[in-house]
Structure formats: C-alpha cells, structure tokens
Amino acid sequence: MAIKTVPFNGTAEQQEKLMAVIAEHKDQQGALMPVLQQAQEIYGYLPIEVQKMISDEMGIPMEKIYGVVTFYAQFSLYPKGKYNISVCLGTACYVKGSGDIYDKLQEVLQIGGGECTADGKFSLEACRCIGACGLAPVLTVNEDVYGRLTVDDVKDILAKYE
Amino acid sequence: MADINVKINGVAVSVPKGTTVLEAAHMAGIDIPTFCYMKEINEIGACRICMVEINEGRGFRMVAACVYPLAFDNTEIRTNSPKVMESRKKTLELILSTHDKKCLSCVRSGNCELQSLCNEMGIENESAYEGEKPAYEIDNSAVHMYRDNNKCILCRRCVAVCSKWQGVGVIGANERGFKTFIGSAFEMGLGETSCVSCGQCIAVCPVGALSEKDFTNQVFAAIADESKHVIVQTAPAVRAGLGEEFGYPIGTNVEGKMVAALRRLGFEKVFDTDWGADLTIMEEATEFVDRFQNGGTLPLITSCSPGWVKYCEHYFPDMTENLSSCKSPHQMQGAVIKTYYAEKMGIDPKDIVVVSIMPCTAKKYESQRDDESAAGVPDVDYVLTTRELARMIRRAGLKFTALPDEDFDNPLGVSSGAGDIFGATGGVMEAALRTAYCWLSGNNEEVVEFHEVRGTDGIKRSTVNINGTEIKVAVASGLANAGELLRRVQSGEEKVDFIEIMGCPGGCVNGGGQPQQPASVRNFEDLRELRAKALYSEDAGKALRLSHLNPDVQKLYEEYMEKPGSHKAHEILHTTYVKRTIN
C-alpha cells in the first residue's frame, strides 16, 4: 500500500534552505531530529522527496528516517489541504458524538486523520478543546466554525467547499 | 574486571563484574528465555520476556536480565520464582493476543521460539486476552521471501541484522505503540527497496513472520514428471549445516547422508557444487592474473555471493567494474550441465531441471537474473535453501540418521579441498591463492595453506609473496564490513589487488538459508566458527586440494572449452552486472 498524496512541488529555494540545515548538523550525533523538525518547517510536511534528500545527504537509510517520522506525532507525511478540517475530540465534544463525525469525515473523504486528499483540497485532523463546548460537537474548516453537529451535517458542510 | 560473587536461585556463582544477569545465569547452567536480545547488535531490553527478580541489598525487584549488568557482591537473583513465572506467562499471553496462531500450517511449527516457550511455560489459554487485532497484508514483493506481520512479535532482530551486520537497513519499526509494525520506508514492498536478498533476517527470526519462498512442491512435481531429467547440486556449506535439522551437533559434516537422501528423494544425478567452485577458481584466477599483469581494473572482487553482488550494484555502483565477471559456482555448474553435460548425454537442455540446494536465499533471486542462461534456458531452475531440503527429507519420510553414507555422482561430483572451503569466509581467496601460487611459481602440485585469510574476523588482510611478486589481498564478510573496506579502497586509504567478499557474516556457512538456531544457542555459540570447521577438516583430509588439478574440470576444458578465459568459457561461465540506486 503506497502512500498517496498531492504531487510534490518543492522549490529550489526550499531545497537550498534544507541543504544549509543539513550542513549545519551533519557531523553531530543525533542530528536527525533537528534536521527533520526544520525540514518540516521549510516544507510544511515531510514527503518522500524530502526524506530522500535527507537520506542521501546524511547517509541515513530511508527506513530509519521514515520510522522516526511515523513515530512522532509532530511530523506529518501530508501537507495541509486548501481546506483544513479540524474536529474537536475534547471531552465535551466527544461525549456529544464528535468521534462519529470524525469517522464519517474519514469515510467520505477516503483519508485518515492527519492526511490530505490526493487533489490537495481537504486535510483532516483531530484537535482538543477549542473553547466552544456550548456548541458541542464542534468542527472548524479553516476559520469557519460549525457547531451542534450530527453525522448527517457532514455532507452539507463539505458541499460548501466543493 | 574483578570477579564478584552472586547467588542465582540459591547457587553461588562467581562472575566478572559487569556480566549481565543473562550471561551469569548461562554460566550457572540456567536458561533465561529471550526474544529481542542479540548479543552486541540488539541489546534493547524491549520484549520483557527475560524479566527476573534481583536483590542488590534493598529487596527484590524485577529487571530485564539481558541488559542488566551485575555490579555488587552478594547480589541475589531468582530466575524461576512464582513472580518471575507469572510475569513470563503474562508477557506471552499478551504477545499471543495479537499473534496469528495458525501453528498447524506455519512453516516454523516445531522450531518456533514463541511456540516452544508457550509450551515450556504451560500456557493453557492461548486467547487469554481477546481484543483488537491488527491485520496485515503479506508482503510477497521480494523474489526470495515473504513477510507476514500477523506473526511478527516485534523483537526487531531482523531490523538489527539488516542495519548492523549488513549495513543495508531497509527494514525498521514504523508507527508507534499498538500500531507499530516492521516494514520499509513509505510502505514500499521489500522487493521495491534495495534489499540485497541475503536472508539474514529470516535466519534470526524467532517465529514464522519471515520465511523464504518455498519451492519444495515444485521440485517434488518435477521429480515426478518422467519427461524431466532432474539434477541436484549442493553447495559446500549445506553439508555443514543440514545435520542441525536432524539433531546432529552444530558443525557436523553430513555429506554422505545428504547425498543418500537426495538420491532417495528421486533426483537422477546428485552433483557437488564444490566442482563448480573448482571451475570458478580456474576462471577467476585466470581473470585475476590477466588483470594483474595487464593493467586491468583492480582490485578484482569475487562474485560468488549474490547478496554481495546486489549490494555492490545498489551501494557501490561505481565499483561494478571491479566485480569478477564469473558467475557464481552453482550457476556455472548449472550452465555446464545444460551445455556440455546435455550434449554429452544427448539430452535436450529444455528437459533438464537443475535444482540447487544452497545455504542462501539470494541465490533464489540470482537464478532469475538476466544473463544467467547459457543454453537459452535458465542455468538453474530452482534454488532451495538448506531448510527446504530438510523439509523435503522429512516430508518424504526418510530417516536421515539411519541413512548410509554415499558419494556424489560423476562427472560433476569430484571436487578438491579448495572447493570445499568456499563455504567459509576466506575460503574462495585461499582456493584462488593456492592455484595462483602454483601457476606463478611453476610448481604445479605444491599445496600452500593461507591461514591469514581464515577465521571469523569481519575484515582480514594479507600480503602474499609469490616468486618475488607481492599481492595484497583482503577478505570481508558481512556487508557492513564489506562497505567499510570498500570505502577505504575508494578513498585510496587502502591499496588492495584482490578482495573476497561474502554477503553473510562468516560466509555461506552462516547464510540466510541455513537452519535457524534459537536465541538460546545463537547468543552463546559461534555458528560461523563451528560450521566452518567441518569444511576445513574435509579439505585437510583430501588428497586433491587444488582446484586446477580437478580431473573433471581439466577434462571440461580439454573436451569443450579449450582453456580458462576462452571465448566459449566467457559465453557459458561469465555474466554481467547493472548499476542500481538506493531505495
């Protein structure tokens, strides 16, 4: 099962920055973590193309890098979509059924949490309390807030962004 | 370091300070089970099956025996108290809660470390904890093996050998916690990565998660097909390992019984790949002398080990010109069977099935490479590991220990002692040097032994002086060692004329297709050394110890190929390489 995501479109400028970061850390022990953190800052995520550059430059097998990236929640293999959907799984929202809404979104968008649709349109993530417990269950699409939701509302919300 | 006195299960033992609890217990004749632990390369204390009670003066507590060093006099250790047993059982039950327990159809049933420990510990309910179970697709993308993560217990022994022994590192732990699984970067199948097919991961796997692609059924079917002429050949290291499958001590040479078993399985001819090894020496020594005297690309590097060849293609593509163009011994022998032997016997090569029994999984991949088909059909049709041969013997109901000792068939069964030692690291180099020495010194029959290239060191070096000509040679086994040596050669730090490289640590005797020994043996015995001894003593006991004096090899050149390195020899016995990338 290969990982599908939007085509990579890194710029020469980004690559230059990454090479500078690697050069700075190259001979230091435990350099992989800071390099990955800064690479994610430069590109916003860590796709295969970025991990391959790091692997080649640092002489670290790809699998080792991938293992670290998938271990830590701070790293992402996927970019943020044009519309980033964030579902609150905080206590109040969760008891009001936000888990089902999160599941429904995964089903409709055909992606898992933390992933981005292949067309780059939607990305999906879970978040903790956003301070709108009165409206539970809540989700946000970029800056727009939707509250008092049921599973049936999911399709209508997505339709607004099609 | 100074010795300290400790008590294990009430028995006093004196051990050097810093000895781990596991090692101290072993010295005292007590087994502590381990899954993840591999001496020096995987001391991670992760699986928790080796937990024991220890009292260093402040009461008993639980520690992981494999990584806990003993530091104080009068330390007390309990390895089989009720608390320890309960912990061990619970750990097993938790492992079983996500384990695919299809033992009846599992290739490792009978020599599975998890199965035997469950049995020893008296596990009554294999489903003590029922809950969510991850389901993984079986990865069959590689030519030589399967990965079934449903049986994986996450011990990471495969990960350790791949990165630390082999310097390849294409497998590792992905994700975390309950979702952790062993795989490759970006969920690539193993076949898409720069895996070199060495199979060391299979050899160290405690369970049935990793196994070679089994061709025993196809071989049984070929034998039963009367239109086929089915010929088998066996590599030197197989005779030094096969006995372990039938209860013989490690390092027992079972050549005679192995030949008898193969004949009883129904193979029409039982040939010895040692003969192919002698032939390889003729071609490779000729190639070396030619390059050495005529300014060819040096160092020349041996090409008998397909795992090494694939590693070179992926990781040192600039050095593929240094590889000897010689096919590996069993491919040479397969090529000779389907050309010279077929013509001599009047058989159409299409009706010949050549089966190679090898200590190796990379040979499964090698036999499917391009340019390994001298007669227009593959030189070798099936490659079986030593383990697969043992399965065939058991399935056919042969009582191995009761078999008589028999000899290989002729003409491709006679071999020199030089061919025998191909199975151990340094053996190919020594065989080549013996012949090169004779050729360059003019004394055609003098046997000179080269002890500096023997032994289990990862990298060995020697300078050989033949009639005033100095030849610098080096031998490496295990691909991490090979990589280290080649980086030094590439940078110019080291100047060498001739290099032998074997993909597996210790050479073929410790190949990825050899019998699997459990951690309780592997961590305390040197399989490489014990198995190699069987080959060196076979060599020492032979009258014929020089490849170039092998009468059947000489006859092949006289009747068919003219001389080593001839045009015809190149067509049949040599191959080509490709440059690959790292994935």
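A residue is counted as buried if 20 or more other C-beta atoms lie within 10 Å of its own, and as exposed if 12 or fewer do. By that count, 30% of the 162 residues of chain A are buried. The model is a predicted one, and the predictor gives the complex an ipTM of 0.90 and a pTM of 0.93. For chain B the mean pLDDT is 96, with 100% of its residues at 70 or more.

Chain A can be taken first. Its C-alpha trace spans about 55 × 30 × 30 Å along the principal axes. The chain holds seven helices and four strands, and their order from the N terminus is α-α-α-α-β-α-α-β-β-β-α. The domain assignment divides chain A into domain 1 (12–71) and domain 2 (83–159). The centres of these two domains, taken over C-alpha atoms, are separated by 31 Å. Among the contacts in chain A with a separation of 6 or more, 62% join residues 24 or more positions apart.

Chain A meets chain B through 12 residues of chain A and 13 residues of chain B. On the chain B side, strand β7 (residues 172–174) gives the most, with three residues. By class, the chain B side of this interface has five nonpolar, five polar and three charged residues.

Chain B itself is assigned three domains: domain 1 (3–86), domain 2 (97–212) and domain 3 (217–573). Between domain 1 and domain 3 of chain B, the C-alpha centres lie 42 Å apart. The contact between these two domains takes seven residues from domain 1 of chain B and four residues from domain 3 of chain B. On the domain 1 side, the residues that touch domain 3 are three nonpolar, two polar and two charged.

Helix α2 of chain B covers residues 82–96. How far apart should its ends be? At 1.5 Å a residue, the 15 residues of α2(B) should span 21 Å, and the end C-alpha atoms are indeed 21 Å apart, so the expected and modelled spans agree. The buried residues in this helix are B:V84, B:R88, B:L92 and B:I95. Seen down the axis of α2(B), the buried residues fall within an arc of 70°, so they line one face of the helix. The spacing can be read against the general geometry of a helix. An α-helix has 3.6 residues a turn, so residues three or four places apart point the same way. The buried residues of α2(B) pack against three elements of chain B, namely β3 (51–55), β5 (75–78) and α3 (113–120). On the face turned away from the buried side, α2(B) carries the exposed residues B:P82 and B:E86.

One residue of α2(B), B:R88, leads to the next position, since B:R88 is among the residues that B:I49 touches. B:I49 sits in the loop between α1 (21–27) and β3 of chain B. Is this loop residue buried or exposed? B:I49 has 26 C-beta neighbours inside 10 Å and therefore counts as buried. Leaving aside residues up to four places away in sequence, B:I49 touches B:P33, B:T34, B:F35, B:R88 and B:T91. From B:I49 to B:M358 the C-alpha to C-alpha distance is 34 Å, and the two are 309 residues apart in sequence.

A second helix to look at is α13 of chain B (residues 386–395). Seven of its 10 residues are buried, so α13(B) is largely enclosed by the rest of the structure. These buried residues are B:T386, B:R387, B:E388, B:L389, B:A390, B:M392 and B:I393. The elements of chain B that cover them include the strands β9 (210–212), β13 (352–358) and β14 (382–385), along with the helices α6 (216–224), α7 (236–241) and α8 (255–265). After α13(B) comes B:G397, which has a positive phi, near 75°.

Towards the end of the chain B elements described here, B:S566 lies in the loop between α19 (551–561) and α20 (567–573). B:S566 has 16 C-beta neighbours inside 10 Å, so this loop residue counts as partly exposed. B:S566 and B:K228 are separated by 338 residues in sequence and by 31 Å in space, C-alpha to C-alpha.

Notes: Residues numbered from 1 in each chain as written. Chains lettered and ligands numbered in written order. Predicted model: local features only at pLDDT ≥ 70, side-chain atom pairs only at ≥ 80, totals over all residues. pLDDT = per-residue confidence, 0-100. Helix = DSSP H or I, 4+ residues; strand = E, 2+ residues; numbered from the N terminus. Nonpolar A, V, L, I, M, F, W, Y, C, P; charged D, E, K, R; others polar. Expected span 1.5 Å × (residues − 1). Arc of directions from axis to C-beta. Domains from an automatic or database assignment.
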